[in-house]
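Here is a friendly walk through some side-chain contacts. Have the sequence and the model open as you read.

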Amino acid sequence: MAHRHAHDHEPAPVFAEPGHDHSHCSSSVLARAESLSAERGVRLTQIRRQVLEALAATHQPIGAYELIERLEDGEGKRPAPITVYRALDFLLEQGFAHRIESRNAFIACAHDHKDGSVVMFLICESCGTVGEAESDTVGKALATAAGAIGFTPRGQVIELAGICRHCREKAQA
């Protein structure tokens, strides 16, 4: 099955509209992870799926220990931290999640990023929501600048803090 890339169709809004149907976001993240796992011959185990489901349940980054709390089974039993960290490592490696360095937290990813493009995380300081966008132009500029000094980047991620359109509009109302 061919996968469509973010650049193959109309770009999704960077920030979800307030009150949007978040179940669509979650199901999209899980469907992408299932499909790509099968295609790549890797296992989306029960704990990996549970961690991804917890991340996909919100557009806000979640720390590892908050994830552990969210994964409590209802009887007070929580997964061991090492189990959650291993699941996160898998999700990061497969591109199913991202680490937001400035928040020491994680967020689900529903995008197929192209090699060499810059992933930009737009972090709203008001509501805590994280938007995700790509930019080939910024990626090429950074690669050129890095190459000029003999540096080869492993990955290109930019985190921008500010106020999302929804919070700005709410404050102006």
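Glu-34, Arg-49 and Glu-53 are joined in a network of salt bridges. A salt bridge here is a side-chain nitrogen of Lys or Arg within 4 Å of a carboxyl oxygen of Asp or Glu. This is a predicted model, in which local features need pLDDT of at least 70 and side-chain atom pairs count only at pLDDT 80 or more, while totals for chains, interfaces and linings use all residues. Residues are numbered from 1 along each chain as its sequence is written, and side-chain values use heavy atoms, with hydrogens and water left out.

Within that network, Glu-53 and Arg-49 both belong to helix 2 (residues 46–56), where they are four residues apart, about one turn of the helix. Helices are DSSP runs (H or I) of at least four residues and strands are DSSP runs (E) of at least two, numbered from the N terminus. Glu-53 is partly exposed at a relative accessible area of 35%, and Arg-49 is also partly exposed, at 24%. The terms work like this: buried is under 20% relative accessible area, exposed is over 50%, and partly exposed lies in between, with a 1.4 Å probe and protein chains only.

How many salt bridges does the rule give? The count comes to six, and the table shows some of them.

| Acidic residue | Basic residue | Closest N to O distance |
|---|---|---|
| Glu-53 | Arg-49 | 3.6 Å |
| Glu-72 | Arg-78 | 3.2 Å |
| Glu-101 | Arg-99 | 2.3 Å |

Glu-72 is partly exposed, with 32% relative accessibility, and its partner Arg-78 is partly exposed too, with 43%. Arg-99 has a relative accessible area of 28% and is therefore partly exposed.

Next come the aromatic rings. A search of the whole structure turns up one aromatic pair. Phe-90 and Phe-96 make this pair, edge-to-face, with 6.2 Å from centre to centre and 65° between the planes. For pairing, the ring centres of Phe, Tyr or Trp (its six-membered ring) must lie within 6.5 Å; planes under 30 degrees apart are stacked, those over 60 are edge-to-face and the rest are tilted. Are Phe-90 and Phe-96 buried or exposed? Both are buried. Phe-90 has another neighbour: Arg-48 lies over its face, 3.7 Å from the ring centre. That label requires NZ of Lys or CZ of Arg within 6 Å of the ring centre and within 35 degrees of the ring normal.

Tyr-65, in helix 3 (residues 64–70), is exposed, with a relative accessible area of 52%. Together with Ile-82 and Tyr-85, Tyr-65 forms a nonpolar surface patch with about 320 Å² of accessible area.

What about the cysteines? The search of the whole structure finds zero disulfides, a disulfide being a pair of cysteine sulfur atoms within 2.5 Å. Cys-127 is in none, and its nearest cysteine sulfur, in Cys-124, is 3.7 Å away. Cys-127 is partly exposed, at 29% relative accessible area. Cys-164 is buried, at 4% relative accessibility. Why is Cys-164 not bonded to Cys-167? The sulfur of Cys-167 is the closest cysteine sulfur, but at 3.7 Å it is too far for a bond.

Finally, a backbone detail. Asn-104 sits in the loop between strand 1 (97–100) and strand 2 (105–108). Its phi is near 50°, a positive value in a residue other than glycine. Most residues other than glycine have a negative phi. Asn-104 is partly exposed, with a relative accessible area of 47%.

Key. Patch = residues over 30% accessible without salt bridge, like charges linked within 9 Å, V, L, I, M, F, W, Y side chains within 5 Å. Areas by Shrake-Rupley, 256 points an atom, 1.4 Å probe, with all protein chains shown as cover.
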